[in-house]
Structures are given as C-alpha cells and as structure tokens.
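Let's take a walk through this model together, one piece at a time. Keep the 3D view open and turn it as you read.

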Amino acid sequence: MMGPLVPQEIIGADWNLFIAFVVGIGFGFILEQAGFSSSRKLAGVFYGYDTVVLKVFFGGAVTAMLGLLFFSLFGWIDLELVYINPTYLWPAIVGGIIMGVGFIAGGFCPGVSISAIAIGKIDGIVFLAGIFIGIFGFAEAYPLLEDFYMSGDMGSPKLNEMLGLSGGFFGFLVIIAALIMFWLGDLAEKKFPRKEY
Amino acid sequence: MSIKNVVMLGFFLFGLVIAMVPENTTKPYKLTAEDMLVEVQSAAEMVNADEVAHWIISKDPTLQLVDVRTPDKFQKYHLEGAVNVPLSVILSDEYRDILDQGVKMNVLYSNGTMNSHQAWMILRQLGFKNNYVLQGGLNYWFETIMNPEAPSIYSSDEEFARYDFRKAASGALGGGGAVTLTAPAKTEVDKPKIIRTKKKKAPAGGC
C-alpha cells in the first residue's frame with residue numbers, strides 16, 4: 001500500500017471528512033494550547049517581541065516537508081499524486097498582502113480566530129464577523145474581479161523543479177532558511193522585548 | 001544541550017541526509033489484481049472495428065494504431081498508419097514514447113485479440129494510459145470492414161446503414177471483393193510524430 005491514501009481511494013470520501021474533522025479539532029486545540037488565541041501573540045511577530053508563531057509554523061512546515069521527502073524515499077508515498085494548489089501569481093501576491101495587513105490589524109489569522117472564539121474572546125468574534133463581511137463582499141464583487149482572480153496561471157509548479165534542483169537538496173535549503181529565521185526570531189525577541197502582553 | 005538546539009540540529013541533520021540521497025523514482029505496480037479484474041470485466045479497453053474504420057477514414061490525428069504482431073507479418077499487411085511494436089519487445093525503451101503518452105489514443109491490434117490483449121495488460125500494469133484494443137483483431141476486421149456481408153432483406157434499417165458504412169469504408173481502405181493479403185505499395189511505415197507529453201498531472205484532491 002502506498003500513499004497518498006485519499007486520492008487513491010484507499011480511504012473513502014466519508015472517512016476523509018471524518019479524519020479531517022478529527023485533525024481539525026486537534027489543530028484548533030493545539031493552537032489554543034500554544035497560546036495562539038491571543039491576538040497580542042500573533043501581532044508580536046510583526047513587532048518582533050514574540051516570534052513563537054513564526055517558529056511554530058516554520059517548524060511545522062519543515063517537519064512535514066522532511067516527512068514527505070523521507071516517505072517518498074522509502075516508497076511510502078507517491079509525491080506525484082499529492083495535490084498542489086495551483087499558482088495564480090498576481091492574485092496570490094495581492095491576496096498575501098491583504099492577508100498580512102488583516103493579520104496585523106486584526107491580530108488573528110482565520111484559524112486562530114476560531115480558537116479565540118472557542119475560549120470566548122470577543123475580539124475573535126468581531127474578527128470572524130469581519131471575515132464573513134469580506135467573503136460576502138468578495139463574492140458580490142466577483143464578476144468585477146474575475147479577470148484578475150484568474151490571471152498569472154502557472155499551473156502547479158514546484159520551486160525545486162523551476163530551479164532545476166532535486167527535491168532533497170531544495171528541502172535542505174529550506175531547512176537552512178528556517179534555521180536562519182529561528183535565529184532572527186530570537187534576535188528580534190531580544191531586541192524588542194516586552195514584559196507583559 | 002537544550003531541547004531547542006537538539007531540534008535545530010535534528011532538522012539540519014535530516015536535511016543533510018535528504019539532500020544527499022537520490023530521489024526515489026521507482027513506482028510499485030499501479031494496479032492490484034482486483035483493479036485489473038474490474039477493468040477487464042468492464043471491457044472499457046475495447047474499441048470496435050467500425051469506430052476505428054471511421055477514425056482512419058476521417059484521418060483522426062489522435063488515433064495511433066499499434067500492430068503488436070511480428071515484423072514480417074507487419075510487412076505483409078498492416079492497417080493504414082499503424083506502427084509496429086512487436087509484443088516480444090514491448091518493454092523496450094524504443095517504444096516507450098509511443099505507448100506511454102497522454103495525447104493520442106493507441107489502438108492495439110493483432111490477428112486475433114489474444115496478443116493485443118496481452119500487450120494491453122502489460123501496458124496497463126505499467127500504468128500507461130490511452131491504450132485500447134481493437135475488438136476482434138484483424139480477422140474480424142476483414143470479415144466486417146473489408147468484406148462486409150450484405151444483410152438479408154429482413155434486416156433492420158440499422159443493419160443496412162452499418163452495411164453501407166462498411167462497404168464505403170472497405171472501398172476507402174482498399175478492400176472490397178476478394179481480399180489480397182499482399183503488402184500495399186507503400187511499405188515504408190510513416191512513423192507519426194510523437195508528441196512528448198509532460199509529466200502527468202496529479203489528480204486534483206481537496207486541501
């Protein structure tokens with residue numbers, strides 16, 4: 001048996017949803033336990049006094065990447081079958097900027113705002129209301145935005161293939177980048193300390 | 001050493017290992033016996049002679065006939081535009097571009113259907129797509145397309161229509177009357193241009 005399990009229908013669609021449900025609850029629980037339901041902690045990445053969020057997500061990405069690369073090496077997963085979100089270059093850049101601004105201004109990303117609501121935070125509820133206003137506004141304006149939304153279609157490229165590097169070597173470069181980020185994060189926390197937040 | 005440093009060192013070392021080892025490109029077989037049984041029973045790999053005749057006459061650019069018989073039989077007679085990929089050498093790299101591609105529709109044929117089916121099963125097991133089998137093989141092809149039998153007067157309109165089509169097809173394909181099994185004038189096989197396909201796209205899943 002070789003993964004991925006869902007696209008090959010080794011795990012059926014119904015179980016897929018159930019597993020997603022369990023993983024989702026686990027994800028939310030860990031976000032909350034790590035203190036990510038505090039908007040100050042999230043905004044801390046921007047101001048430099050707390051870079052835990054950056055470290056956790058970068059660490060998670062690197063761990064998952066290493067796992068996939070090793071699984072592929074052992075013949076446990078066929079990376080060709082793993083779904084990659086298609087890249088629409090320009091809308092992705094603009095969307096990233098909007099998301100980033102919302103992140104600093106609101107103090108949450110969509111996932112942790114739900115965690116914040118789960119422990120009864122009012123700012124989380126306001127943030128979620130904002131999300132729905134945004135979704136509604138986008139849906140209504142979609143005919144105007146459609147051309148831009150679909151522009152810069154690059155398919156599902158992989159950076160290492162574009163650069164002509166092997167997946168493993170590129171993974172190593174990402175790890176080096178992550179270690180530098182961790183180090184910069186530590187530096188920022190020393191430089192912009194804040195006692196209570 | 002603090003836990004943090006251990007984790008960092010772990011990332012670094014695992015990264016180093018993965019950077020050094022070659023990528024695993026081996027693929028285990030694509031189909032289980034159960035999958036194969038389902039496919040064989042659905043008979044979705046079969047294309048019938050009338051369809052193929054129609055594609056040949058209309059010069060459908062997506063059709064690629066693949067003759068899996070021996071080269072000398074191929075020399076004696078083959079369908080128009082067919083390429084010869086003898087069953088015994090089907091795994092050779094030479095033919096890989098023809099057999100493993102996502103653009104054309106390969107129709108495998110042999111005299112009967114046994115060899116073409118054997119070839120198809122091997123290709124299917126390799127995970128190649130777009131390979132089909134000419135139903136009935138060349139024998140049936142001669143019976144129906146090249147020498148169609150006139151339906152009796154009690155036959156349905158549909159059968160008459162089919163007969164008319166076959167009659168016309170046989171004319172267009174150089175058959176009709178007694179079928180001579182001599183090689184056609186042009187013995188050179190025009191090898192179709194092989195369009196190299198890019199890597200297959202992974203099926204879209206959810207995220």
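**From a sheet edge to the chain contact**

A good place to begin is the pair formed by β1(B) and strand β5 (residues 131–134) of chain B, which run parallel and are joined by 2 bridges. Keep in mind that this is a predicted model. Within that pair, Met46(B) has Val133(B) of β5(B) as its bridge partner.

Now zoom out to see where these two strands belong. They are part of an open sheet of 5 strands in chain B, ordered β1-β5-β4-β2-β3, with parallel pairing. The edges are held by β1 (46–47) and β3 (83–84) of chain B; each has a single partner strand, so one side of each is left without a neighbour in the sheet.

Moving inwards from β5(B), you reach β4(B), which runs parallel to β5(B) and is joined to it by 3 bridges. Here Val133(B) turns up again, since the bridge partner of Leu108(B) in β5(B) is Val133(B). On to the next pair: strand β2 (residues 63–67) of chain B is linked to β4(B) by 5 bridges, and the two run parallel. If you would like a landmark there, find Gln64(B), which stands opposite Asn106(B) in β4(B).

Is β4(B) mostly covered or mostly uncovered? It is mostly covered, with 4 of its 5 residues buried. One element to look for beside this strand is helix α6 (residues 114–125) of chain B, which packs on the sheet and touches both β4 (105–109) and β5 of chain B. The direction of α6(B) makes about 170 degrees with that of β5(B). Follow the chain through β4(B), α6(B) and β5(B) and you trace a right-handed β-α-β unit.

With the sheet in mind, step back to the whole of chain B. The chain has 8 helices and 5 strands. Read from the N terminus, the elements run α-α-β-α-β-α-β-α-β-α-β-α-α. Buried residues make up 23% of the 207 residues in chain B. Among contacts in chain B with a separation of 6 or more, 68% are between residues 24 or more positions apart.

Next, bring chain A into view. How many residues of each chain take part in the contact between chains A and B? There are 26 residues of chain A in contact with 19 residues of chain B. On the chain A side, the elements that give two or more residues are α3 (52–74) and α8 (167–191). The largest share, 9 residues, comes from α8(A). By class, this side of chain A has 17 nonpolar, 7 polar and 2 charged residues.

Look more closely at α3(A) and helix α1 (residues 3–20) of chain B. Their axes come within 11 Å and cross at roughly 30 degrees, and the crossing is left-handed. The residues making the contact are Val62(A), Leu66(A), Leu69(A) and Phe70(A) from α3(A), with Phe11(B), Phe14(B) and Ile18(B) from α1(B). By class, that gives 7 nonpolar, no polar and no charged residues.

Finally, α3(A) also leads you into chain A itself. The buried residues of α2(A) pack against α3, α4 (89–106), α5 (110–118) and α6 (122–149) of chain A. In helix α2 (residues 39–47) of chain A, the buried residues include Ser39(A), Leu42(A) and Gly44(A). Just after α2(A) comes Gly48(A), with a positive phi of about 90 degrees.

How values were computed
Residues are numbered from 1 along each chain as its sequence is written. Chains are lettered from A and ligands numbered from 1 in the order in which they are written. This is a predicted model: local features need pLDDT of at least 70, side-chain atom pairs count only at pLDDT 80 or more; totals for chains, interfaces and linings use all residues. A residue is buried if 20 or more other C-beta atoms lie within 10 Å of its own, exposed if 12 or fewer, and partly exposed in between; C-beta atoms are placed from the backbone. Two residues are in contact if their C-beta atoms, placed from the backbone, lie within 7 Å. Ala, Val, Leu, Ile, Met, Phe, Trp, Tyr, Cys and Pro count as nonpolar, Asp, Glu, Lys and Arg as charged, and the others, Gly among them, as polar. Axes are lines fitted to C-alpha atoms, for helices over the stretch in contact, and angles run from 0 to 180 degrees between N-to-C directions. A crossing is left-handed if the near helix is turned anticlockwise from the far one by less than a right angle, and right-handed if clockwise. Two strands pair if DSSP finds at least two bridges between them. A crossover is right-handed if, with the strands pointing away from the viewer, the path from the first strand over the helix to the second runs clockwise.
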